[in-house]
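Student: I'd like to practise reading a model feature by feature. Could you walk me through this one?

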Amino acid sequence: MSIDRLRRFIGDMTSLTGGAWQDKDENAVVEVGAKLLGELVKHDDWLPEQAAKVPPHGYAQNLLWCDPFERFCVVSFVWAPRANTPVHDHEMWGLVGMLRGSETSLSFTRHPETGVLVPGALSKLEPGDVEVLVPAPRNPVGDIHQVTNALDDRGSISIHVYGGNIGAVRRHTYDVTTGQPNLFVSGYTNREQPNIWDRSAEVRAAP
Ligand SMILES: [Fe+2]
């Protein structure tokens, strides 16, 4: 178990979102970020135990890192068996990388005049897979979805990266039948972030 992978990923995402082209080409940030996240979730040997504890019901959203300028954040979502989210949006780009177990994402499109939600594609993520979420109008399909742990006998874990401080922004859940949006601020479950900076063991071991 080594947190080095997470620290390197955070460094790469910092370079990516801090680059001069970041404001000009969000698509490129999302595309490269998805590749970096894919590399991270290919390996399941780095997530600290406290950020991987399966809750008795529902799901935990543990902040692993937030960029000092809130250009991106990294969150571990830990799902109890069969747990699901309300139908919701994000108000920023998002990347979902499957680390352990499996989850499904059911997308919804919102009728521009009536607001009614129409269910769309159902995607299933397995370890190593990455799903990209980009809100309307940049993406005509939008980013409204509902996520469910695909497993009914154990927890699942996905690593999410968002283009901002996702736990501290106003966004929406939706009533599926009426399409009525409700404001919410998700927050985070954990009170303490993992320490990615204690590199003392490797320094002591160096010749
Ligand atoms: Fe989501």
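Student: How many residues does α2 have, and how far does α2 reach from its first C-alpha to its last?

Tutor: This is a predicted model, so take every value as computed from it. To read a helix, compare its span with the expected one, which is 1.5 Å times one less than its number of residues. Here α2 has 16 residues and reaches 22 Å, close to the 22 Å expected.

Student: Which residues of α2 are buried?

Tutor: Look for a relative accessible area under 20%, the cut-off for buried. In α2 that picks out Ala 28, Val 29, Val 30, Gly 33, Ala 34, Leu 37, Gly 38, Leu 40 and Val 41. These buried residues pack against α1, β3, β6 and β8.

Student: What does α1 look like when read in this way, and which of its residues are buried?

Tutor: α1 has 15 residues and spans 21 Å from first C-alpha to last, close to the expected 21 Å. Its buried residues are Leu 6, Arg 7, Phe 9, Ile 10, Met 13, Leu 16 and Thr 17. As partners they have α2, β1, β2, β8 and α3, the last of these covering residues 200-205.

Student: Which residues touch the most other members of the largest nonpolar core?

Tutor: A nonpolar core is traced by joining buried nonpolar residues through side-chain atoms within 4.5 Å. The largest one here has 29 residues, and Leu 47, Val 74, Ile 159 and Val 161 touch the most other members. Two or more residues each come from α1 (4-18), α2 (26-41), β1 (59-66), β2 (73-79), β3 (94-100) and β8 (156-162). The largest share, six residues, is that of α2. Another core lies apart from this one: it has 12 residues, including Cys 73, Val 75, Phe 77 and Ala 80.

Student: Let me pick Phe 77 from that second core. Where is Phe 77 found, and is it buried or exposed?

Tutor: Phe 77 sits in strand β2, and its relative accessible area of 7% makes it buried. To see what surrounds a residue, skip its sequence neighbours and list the contacts that remain. Leaving out residues up to four places away, Phe 77 touches Tyr 59, Ala 60, Gln 61, Ser 156, Ile 157, Ser 158, His 160 and Tyr 162. Sequence and space can also be set side by side: Phe 77 and Ala 51 are 26 residues apart along the chain, with 8.5 Å between their C-alpha atoms.

Student: Now the metal. Which protein donors does the iron ion have?

Tutor: For a metal site, start with the donor atoms, then ask where they come from in the chain. The iron ion has His 88, His 90 and His 145 as protein donors, each through NE2, lying 2.1 Å from the ion. Water is not among the atoms, so a site may look incomplete. Along the chain the donors follow the spacing H-x1-H-x54-H. His 88, in the loop between β2 and β3, and His 145, in strand β7, are 57 residues apart, and this pair links distant parts of the chain. Both His 88 and His 145 are buried.

Student: What about unusual backbone angles? Which residues other than glycine have a positive phi?

Tutor: Two to look at are Arg 82, with phi near 65 degrees, and Glu 91, with phi of about 65 degrees. Arg 82 lies in the loop between β2 and β3, and Glu 91 is also placed in the loop between β2 and β3. Arg 82 is partly exposed, at 48% relative accessible area, and Glu 91 is partly exposed as well, at 44%.

Student: And which peptide bond is cis?

Tutor: Check omega: the bond from Ala 136 to Pro 137 is cis, with omega near 5 degrees. Pro 137 belongs to the loop between β6 (130-133) and β7 (145-149).

Student: Stepping back, how many helices and strands are there in the chain?

Tutor: There are three helices and 10 strands, in the order α-α-β-β-β-β-β-β-β-β-β-β-α. The radius of gyration is 17 Å, close to the 17 Å from the globule rule for 207 residues, so the chain is as compact as a globular protein of that length. Of those 207 residues, 47% count as buried.

Definitions and conventions
Residues numbered from 1 in each chain as written. Predicted model: local features only at pLDDT ≥ 70, side-chain atom pairs only at ≥ 80, totals over all residues. Heavy atoms only, no water. Buried < 20%, exposed > 50% of the residue type's maximum accessible area, 1.4 Å probe, protein only. Helix = DSSP H or I, 4+ residues; strand = E, 2+ residues; numbered from the N terminus. Contact = heavy atoms within 4.5 Å. Rg over C-alpha atoms; globule rule 2.2 N^0.38 Å. Donors = N, O, S within 2.8 Å, 3.2 Å for Na, K, Ca; no water.
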